[in-house]
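User: Please take a close look at the ligand site and at the spaces inside the protein that could be compared with it. I would like one connected account that stays with the computed values.

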Amino acid sequence: MDPAPENSHPPAADGILLEHDIQRLGRELHGRIKGKSPGIFQASYWKGLLMDGAMRDPSLKTDLFRLVDALPALSTSEEIARHAREYLLADQRSLPMGMGLALRTTQNRIAASISAFVIKRHVRSMAEMFIIGRDARDARAALQKLWNQGFGFTVDLLGEASVSEAESEVYVRRYDDLIEFLPSETARWKPNEILDRGPAGSHPRANISLKLSAMDHLLDPADVEGGVRRLLGRVRPLLWRARDLGAFINFDLEQWSLHEIAFRVFETLAAEPEFASWPHLGIVMQAYLKSADDDLDRLLALAAKRGTPLTVRLVKGAYWDYEFVQSGLIGVPCPVFLKKPETDAHYEHLIRRLLENRDKIHSAFGTHNLRSITVALTLAEKLGLAPGDFELQMLYGMAEAERDMLRNLGHRVRLYTPVGDLITGMAYLVRRLLENTANSSFVRLRHYEHIDIGELLTKPEIPAPSSEEAPKSYDGVLTSPFENCALSDFTNAPVREDFARAVAEAEKQMPWHVPVVVNGRIWPDGEALHHVSPNLNTRLAARTSSATVDDVEKAVRTARTSWPAWRDLPLKKRAKLINNLGARLEADRLRLAAMEVHEQGKPWREADADIAEAVDFCRYYARQALAELGPRTQGNLPGEANTLSYEGRGVCAVIAPWNFPLAILCGMTTAALVAGNAVMLKPAEQATAVAYAFYQHAIAAGIPADMLAFLPGPGEIVGDALVRHRDVVQIAFTGSRDVGLSILKIATEVVPGQSMIKRVVCEMGGKNAIIVDDDADLDEAITGVIKSAFGYAGQKCSACSRVIVVGSCYAPFLARLKAAAASLVPSSAASPDCLLSPVIDEASFTRLRDLLREPIDDAHRVFCGAVKSDGWFVPPAIFEVSDPRHFLMQRELFGPILTVFAARDFSHAIEVANTSDYALTGAVYSRSPSHLEQATLEFRVGNLYLNRPCTGALVNRQPFGGFKMSGAGTKAGGPGYLLHFAEMRVCTENTMRRGFTPEIL
Ligand SMILES: Cc1cc2nc3c(=O)[nH]c(=O)nc-3n(C[C@H](O)[C@H](O)[C@H](O)COP(=O)(O)OP(=O)(O)OC[C@H]3O[C@@H](n4cnc5c(N)ncnc54)[C@H](O)[C@@H]3O)c2cc1C
């Protein structure tokens, strides 16, 4: 669903909601809790100190919370003490009350173990403030104690991050166990007339909050149908049991990307005949979402359809930072409000809508904010609701004074009580610490900043948008600053539908017929090349006329003759044409991406990203050209004027690969063109159709036909003829190491009639490693490795093919990695749920299949996945080796094959990672600041990524390219790249005439 446009939300709850009454009640409630702070702020020495430090110093807060997050992964006292020193003593910061001194002495072993013990004990006790037990049985006594104090509960199972089918199944079983256990357990508890009765009559004591992401690790907004189908199969049996045993089930909501799936699962189940009359079913609504009003419309329609009310827990939303950052990174509209008062005002508006529809919806207000609570109470009273007609909910461990006060006033108060172990609990603890210490948090403002109650109760006013926040629209005008082209937002239903339509349409168009084009004239008479779709190898994707050596000759001659006019065209004009080309590609992005889905077997997201990157190259190089290639003055002495300028070199051969069929081809072509060269475009044999579509766009955008020839054909014939041609002065190549090195060699041989030294911009392969440190977040490391190694079947030059795992986390990492890899069922890239796409062609398929067929000496095959036979599908495979020089650790295989190596320690891991002929990309998953720093200095690759996958470089943000045998050190999409395509000239004029110079007149 589309988020509503910015600032389109309705006015705050005026009308019947009387501000005067809110203020009066708010002050009265405040009076009842005055002087009482939540446990987290008043607690013992360590907790008080920690929270105080975090409030005062944002950098200390970050470091403290990062330390807390890393703790469960640290197995020895030395490790805990080292991490504490690295995080807390950073930048010579002075810590309160001698903590600094204490930490410094932890170099000593005994001191280290004492400190580690103290740190762990205190962090554990902080976690216990928010987490009620390891599991429901462990939490039994604490839950009953809460009940006896007059509080209901809803149990949440911690540990949302599941990375495999097996882990998802474990969560489903844990929920099942919870549903089995809680109703019988709670049946014995003493009656409580407020908690035992709800608006629907008798109310279940057992209340369980489900997190859907825990039950399916493959949820993806691009594949709503698939996610819904799988979840229905898992959640329906849970609801049967809950209904039969007498438990209430609430659906929690998580990130926006999963919102539609969660809503659809809820809507489907709630309307099914077996649940339609069951009232004990609820869902969360997040008021910070711009879509929340629409969400409520959907729920009202659902309740009307069922004829039985549903419960809605209204919260503000727990993922604000994530949504804000994530939408910015991929360039899609932010789904949440950007200003806190907007969320607050929207919350109040939704309170009113919920209460006004109490015949259809039972409300539960989940907030710790006194103003929000007061609005709910005031409005409920005005509408004639009694305290038991709605619920107030709070998180266990937060706002204890408020919850006690509300219970004492006779309200039904329910606490959200998570259960889980220390490892999964740490992530939850950090979220709570962040929430408590956020600058805008009500809890912080009231209990730490001691803001006046008048201010705290102020009606939230929706601020006018500031100019930085005004929605940006990329106008594409050359003078506007560069911005990355947004990726397709698959959370948006029309985007998904359009993409699916384009994929279906492209399939009908196959096979594409691709000609040779020289000087705008089509030459269809070369030998035919046939390329089948990797998804279905009986289906011809493209039939291509191959260029001949004569075609090459014609094209180079034409270009050589006409080229000076292009070279001398004002730079701005060339830049404009390239910028226009970007606009054309963007406008046609769906069709182009759909072609890649079929021609190269690229999954939806990969194909979409390839087109976006091509657009980026056009826009970026157009702007870089103006910044870097324009004339400039050097030196400033009187009597002399020095002008430095650049010009094109001549005819450039662009020899492109198939794996990024549009982006790389477009990047090399536009760089050469904008710098003032003519281009002989030689696409890969497996990517001619999409390349031809690009060529047509380039001509339509205004690139002169004699400056761009389209010369598909075999590399050995067409590529070779271009590289050897005496008038081809520049070669831009991306591809294999063997071909790259042979081009470099040929380019150094001067042939008769050659007038320029050939220059080669050459990007070759990689044998990229990811290091997983022993303190890494394994949830993230496994997801990152799977994405980097198996995304597009491992056929990216940036793909990970070696994982080097440090120390004690080897065994758990490998076990979870294997389980995660088992989800990689091969399927056609045309399907939105494709996780493992085919390899590009029969030659790749045969090479990789033969490799996997026989045992490999000195390597242990840990995993080999499923086979599919109707396309070029290679099963994903994982090997273990103990020799860093094993060919599996050295040779680029370009397929879904991953090798794992156990390193003694972090330095050994870096040494092994660097034991490679290549130096393209690499990544490190670690939570040790000193190890991240060491990697930055010593892990020698062109693109190093810390705590994220090693694929997915973006133009401008991550200029891409490697060194050693990965390339000659050029960085595509970065500063300086265009200079490789131009000649620098300097003109010096003596400005002195007869003893006078204009500069000193
Ligand atoms: C019982 C219960 C269950 C919950 N279940 C869920 C759930 O399933 N899913 C979920 O997402 N959350 C859930 N939450 C968490 C809840 O979202 C947070 O605890 C809550 O947002 C804190 O809000 P507040 O009203 O207590 O505090 P306040 O301090 O008034 O509000 C803080 C909230 O304001 C919003 N905010 C912060 N900065 C900005 C900004 N710059 N612009 C716009 N908005 C901003 C954020 O939502 C932030 O959490 C639940 C909370 C409770 C009490």
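Analyst: In this predicted model, a nitrogen atom of the ligand is 3.2 Å from a polar backbone atom of Leu 338. Two further contacts involve oxygen atoms of the ligand: a backbone N or O atom of Ala 318 lies 2.8 Å from one, and a backbone N or O atom of His 368 also lies 2.8 Å from an oxygen atom of the ligand. On its own the ligand has 940 Å² of accessible area, and the protein covers 92% of that area. The elements that give two or more residues to the shell around the ligand are the strands β6 (281–286), β7 (310–315) and β9 (391–395), together with the helix α15 (340–356). There are 30 residues around the ligand, and those that come nearest are Gly 317, Thr 343, Thr 367, Glu 435 and Phe 442. By class, this shell has 13 nonpolar residues, ten polar ones and seven charged ones.

Turning to enclosed space, a search of the whole structure finds eight cavities of 30 Å³ or more. The largest cavity has a volume of about 170 Å³, and of the 21 residues that line it, His 203, Phe 248, Thr 311, Glu 391 and Arg 412 are the closest to its centre. Two or more residues of this lining come from each of β5 (247–251), β7, β8 (361–366), β9 and β10 (412–419), with β8 giving the most, namely three residues. The strands β7 and β9 therefore appear in two descriptions, since each gives two or more residues to the shell around the ligand and each gives two or more to the lining of the largest cavity, where elements are DSSP runs. The lining of the largest cavity divides into six nonpolar, ten polar and five charged residues.

The second largest cavity has a volume of about 100 Å³. Of the 16 residues that line this cavity, the closest to its centre are Gly 794, Ser 801, Glu 892, Leu 893 and Phe 894, and by class its lining has seven nonpolar, five polar and four charged residues.

Among the open spaces, the second largest pocket has a volume of about 970 Å³. It is lined by 37 residues, of which Trp 658, Phe 733, Gly 735, Ser 736 and Val 739 are the closest to its centre. At least two residues of this lining are supplied by each of α28 (715–724), β21 (728–734), α29 (737–748) and α32 (842–853), and α29 gives the most, with six residues. The lining of the second largest pocket has 17 nonpolar residues, ten polar residues and ten charged residues.

A last detail returns to strand β5, which gives two or more residues to the lining of the largest cavity. The structure holds 20 aromatic pairs, one of which is formed by Phe 251 and Phe 266 in an edge-to-face arrangement, with 5.1 Å centre to centre and 75° between the planes. This pair links distant parts of the chain, as Phe 251 lies in strand β5 and Phe 266 in helix α11 (residues 259–271), 15 residues apart.

How values were computed:
Residues numbered from 1 in each chain as written. Predicted model: local features only at pLDDT ≥ 70, side-chain atom pairs only at ≥ 80, totals over all residues. Heavy atoms only, no water. 1 Å grid on protein atoms, 1.4 Å probe; cavity = no way out; pocket = protein on both sides within 12 Å on 5 of 7 lines; lining within 4 Å. Points joined across faces, edges and corners; volume = space filled by probe spheres on them. Helix = DSSP H or I, 4+ residues; strand = E, 2+ residues; numbered from the N terminus. Nonpolar A, V, L, I, M, F, W, Y, C, P; charged D, E, K, R; others polar. Near = heavy atom within 4 Å. Polar contact = N/O pair within 3.5 Å; in protein donor to acceptor, adjacent residues only side chain to side chain. Areas by Shrake-Rupley, 256 points an atom, 1.4 Å probe, with all protein chains shown as cover. Phe/Tyr/Trp six-rings, centres within 6.5 Å; stacked < 30°, edge-to-face > 60°.
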